[in-house]
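Me: Can you walk me through this structure? I have a few short questions.

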Amino acid sequence: MTGEPRLGDVFGELLRDAYAVHTGIGPRPLVGGRLPRPVIEIIERDDGLVNGAPAAHYLDGPEHWQPYDHRAVDRTRGATLDVGVGGGRIALVLQERGIPVTGLDTSPGALRVSRHRGVRDLVLGTVDEHVADGRRYDTFLLLGNNLGLFEGRERAPAFLAALAALARPGAQVIAHGTDPYGTTDPVHTGYHEHNRRRGRLGGQLRLRLRYRELGTEWFDYLVCSAEELAELVRGTGWRLTDVDDRDAPYYLATLRLAAGR
């Protein structure tokens, strides 16, 4: 016993258990006796901050979505790659609308849940790995705050280059982000300042996920303002063409591939 979590498919395990609690399909995690235990995703930041969030929202139907999710889906067109498909909540609605959608995720367990829920086209891997499959798309969705997959200044150009390699002419990216700078909580403002002193973006988080005895490796996840996003996109071949901040501090950013790319 080391006191450290065992590395594993944290996201897949918590989705499997959340799905079992939601549907009764599969063994449910129990508090004791016959009562199901709430499935909580633990998010640990590198400064010691720990937060927990119920995992059930990854399975929510559209009646429980936030307004920006509905607007993102309404803007989707053509062959679509749902990056970070998770439990398939977005992909299932797109399928119902007749939009050809592929769900991409690095979690085998998440893909099993999505498949069981009815998502038909699923790929295991990163956007970089998917380039080799030769598929091409008109829309890329980065919902569920998955603008965070840009990670930071170092990773963003390569991530956007992979999307460009997967793109058809005129393709668009629709990404959900959160502006981190409206808070006055010193736990967060102090972290922003600490990041800047290290040459990082203020909202560039260093995280790992925990569930039961499992943990992930530490990874970067970006929470940035629309102005910082515009800087990250500059020179990549993508253009930031729209920022929908009607639900501030949350926003939808639309990127379009420049002509000739």
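Reply: This is a predicted model, and what follows covers one strand with its neighbours and then one pocket.

Me: Start with strand β9. Is it mostly covered or open?

Reply: Strand β9, residues 137-142, is mostly covered, with six of its six residues buried.

Me: How does β6 sit against it, parallel or antiparallel?

Reply: Strand β6 (residues 80-83) runs parallel to β9, and three bridges join the two. At one position, T80 stands opposite T139 of β9.

Me: And how many bridges link β9 to β10?

Reply: Five, again in the parallel sense; β10 covers residues 167-178. L141 has I174 in β10 as its bridge partner.

Me: What does the chain pass through on the way from β9 to β10?

Reply: Helix α6, residues 156-165, and the resulting β-α-β crossover is right-handed.

Me: Switching to pockets. How much space is in the second largest one?

Reply: The second largest pocket holds about 160 Å³.

Me: Which helices each give at least two residues to its lining?

Reply: α1 (10-23) and α4 (108-117). The largest share of that lining is from α1, at five residues.

Me: Which residues should I look for in the viewer?

Reply: The lining of the second largest pocket is G12, E13, R16, Y19, A20, I25, G26, P27, G109, R112, V113 and H116.

Me: What's the split by class?

Reply: Five residues in the lining of the second largest pocket are nonpolar, four are polar and three are charged.

Conventions:
Residues are numbered from 1 along each chain as its sequence is written. This is a predicted model: local features need pLDDT of at least 70, side-chain atom pairs count only at pLDDT 80 or more; totals for chains, interfaces and linings use all residues. Side-chain values use heavy atoms; hydrogens and water are left out. Buried means under 20% relative accessible area, exposed over 50%, partly exposed in between (1.4 Å probe, protein chains only). Helices (H or I, at least four residues) and strands (E, at least two) are DSSP runs, numbered from the N terminus. Two strands pair if DSSP finds at least two bridges between them. A crossover is right-handed if, with the strands pointing away from the viewer, the path from the first strand over the helix to the second runs clockwise. On a 1 Å grid over the protein atoms alone, a cavity is a set of points where a 1.4 Å probe fits but cannot get out, and a pocket is an open set with protein on both sides within 12 Å along at least five of seven lines; lining residues have an atom within 4 Å of a point. Grid points are joined across faces, edges and corners, and a volume is the space filled by probe spheres set on the points. Ala, Val, Leu, Ile, Met, Phe, Trp, Tyr, Cys and Pro count as nonpolar, Asp, Glu, Lys and Arg as charged, and the others, Gly among them, as polar.
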